[in-house]
Amino acid sequence: MNLYKQIEYNGYHINIYYNDDARSPREAYDNLGTLYTAHRRYRPEKEFDDHFDIDKFFEGHIGNFRESFLKEYIALPVYLYDHGGITVSTSPFSCPWDSGFFGIIAVPLDKVRREYGWKNITAERRKRIEGYLQEEIRTLDNYYAGEVFGYCITPESDDDNELDSCWGFYGTDCLEELEAECRHIIDGLNKTAA
């Protein structure tokens, strides 16, 4: 385990580690969207060409979905940058040599209606679902970038004595909340010991 950060708090260590054994969030969680990829090496979920004809749902250029497609799906294009590591985004990258179209993340409107109990998909609701899909891609990007963490709480005097641990925190944005939760756990341990 590679230590990311160690925090001393009230007689305990909060050891935050890189989660080197993390599972892809496309496998580890129930996701609203399905990722359809058109890349020969990276296929985290479904093969794009097995499900879609690129000319039937993009109009003009990649990223401009046809109206007929958007009547059945909420979707975002996904782009990949591959140079010494990979990163993914719902926006294109500026490097034309090492980046390009990766696929789409999409959810059928029928599934959205069932999941949320909505009869109608308004523009506001569509934007909200697009935000959820972007977050799923951001989480996948954290996984590809190796930004997945876990923690172990130990007494300051014995880092081998693990009192509590949890793994599978994707992205550095969650670390502040993770630290706060660990402090809360330690406060509970101190109350129990008193």
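These questions and answers walk through a predicted model.

Colleague: In which strand is confidence highest, and in which lowest?

Modeller: The protein averages a pLDDT of 88, and 90% of the residues score at least 70. The low end is strand β4 (residues 46-47), with a mean of 62. The high end, at 97, is β2.

Colleague: What is the strand order of the open sheet of 4 strands?

Modeller: Its pairing is antiparallel. The edge strands are β1 (2-9) and β9 (164-170), each pairing on one side only. From one strand to the next, the twist averages 20°. The order is β1-β2-β8-β9.

Colleague: Which residue in β8 is the bridge partner of Asn-15?

Modeller: Strands of a sheet pair through backbone hydrogen bonds, either parallel or antiparallel. Strands β2 (residues 12-18) and β8 (residues 148-155) run antiparallel and are joined by 7 bridges. The bridge partner of Asn-15 in β8 is Cys-152.

Colleague: Which residue in β7 stands opposite Thr-34?

Modeller: Strand β3 (residues 34-37) sends Thr-34 and Tyr-36 one way and Leu-35 and Thr-37 the other, and all are buried. Over 4 bridges, β3 pairs with strand β7 (residues 99-108) in the antiparallel sense. Opposite Thr-34 in β7 stands Ala-106.

Colleague: How far does helix α6 reach from its first C-alpha to its last?

Modeller: Helix α6 covers residues 123-144, which is 22 residues. At 1.5 Å a residue, the expected span is 32 Å. The model comes close to that, at 31 Å.

Colleague: What follows α6, and what is its phi?

Modeller: Past α6 comes Gly-146. Its phi is positive, near 75°.

Colleague: Is Glu-130 buried or exposed?

Modeller: Glu-130 has its place in helix α6. Leaving aside neighbours within four places in sequence, it is in contact with Ile-74 and Leu-76. Its relative accessible area is 17%, and buried means under 20%, so Glu-130 is buried.

Colleague: What is the relative accessible area of Leu-32, and which residues does it touch?

Modeller: Leu-32 is found in the loop between α1 (25-28) and β3. Not counting residues up to four places away in sequence, Leu-32 touches Val-107, Lys-111, Glu-115, Tyr-116, Ile-129, Tyr-132 and Glu-136. Leu-32 is buried, with a relative accessible area of 11%.

Colleague: How far apart in space are Leu-32 and Trp-167?

Modeller: In sequence, the two are 135 residues apart. In space, C-alpha to C-alpha, the figure is 22 Å.

Colleague: Which residue forms a salt bridge with Glu-136?

Modeller: Side chains of opposite charge can pair when their charged atoms come close. The partner of Glu-136 sits in helix α1, 110 residues apart from Glu-136 in helix α6. Both residues are buried. The closest N and O atoms are 3.0 Å apart, and the partner is Arg-26.

Colleague: Which residues do salt bridges that share partners join into one network?

Modeller: Glu-179 in helix α7 (residues 175-193) meets Lys-5 in strand β1, 174 residues apart, with N to O at 3.1 Å. Glu-179 also forms a salt bridge with Arg-183, the closest N and O atoms being 3.8 Å apart. Glu-179 and Arg-183 are separated by about one helical turn because they are 4 residues apart in helix α7. The network joins Lys-5, Glu-179 and Arg-183.

Colleague: Of Glu-179 and Lys-5, which counts as buried?

Modeller: Lys-5 is partly exposed, at a relative accessible area of 35%. At 15% relative accessibility, the one that counts as buried is Glu-179.

Note on methods. Residues numbered from 1 in each chain as written. Predicted model: local features only at pLDDT ≥ 70, side-chain atom pairs only at ≥ 80, totals over all residues. Heavy atoms only, no water. Pairing = 2+ DSSP bridges. Helix = DSSP H or I, 4+ residues; strand = E, 2+ residues; numbered from the N terminus. Axes fitted to C-alpha atoms, helices over the stretch in contact; angles between N-to-C directions. Buried < 20%, exposed > 50% of the residue type's maximum accessible area, 1.4 Å probe, protein only. Expected span 1.5 Å × (residues − 1). Contact = heavy atoms within 4.5 Å. pLDDT = per-residue confidence, 0-100. Salt bridge = Lys/Arg side-chain N within 4 Å of Asp/Glu carboxyl O.
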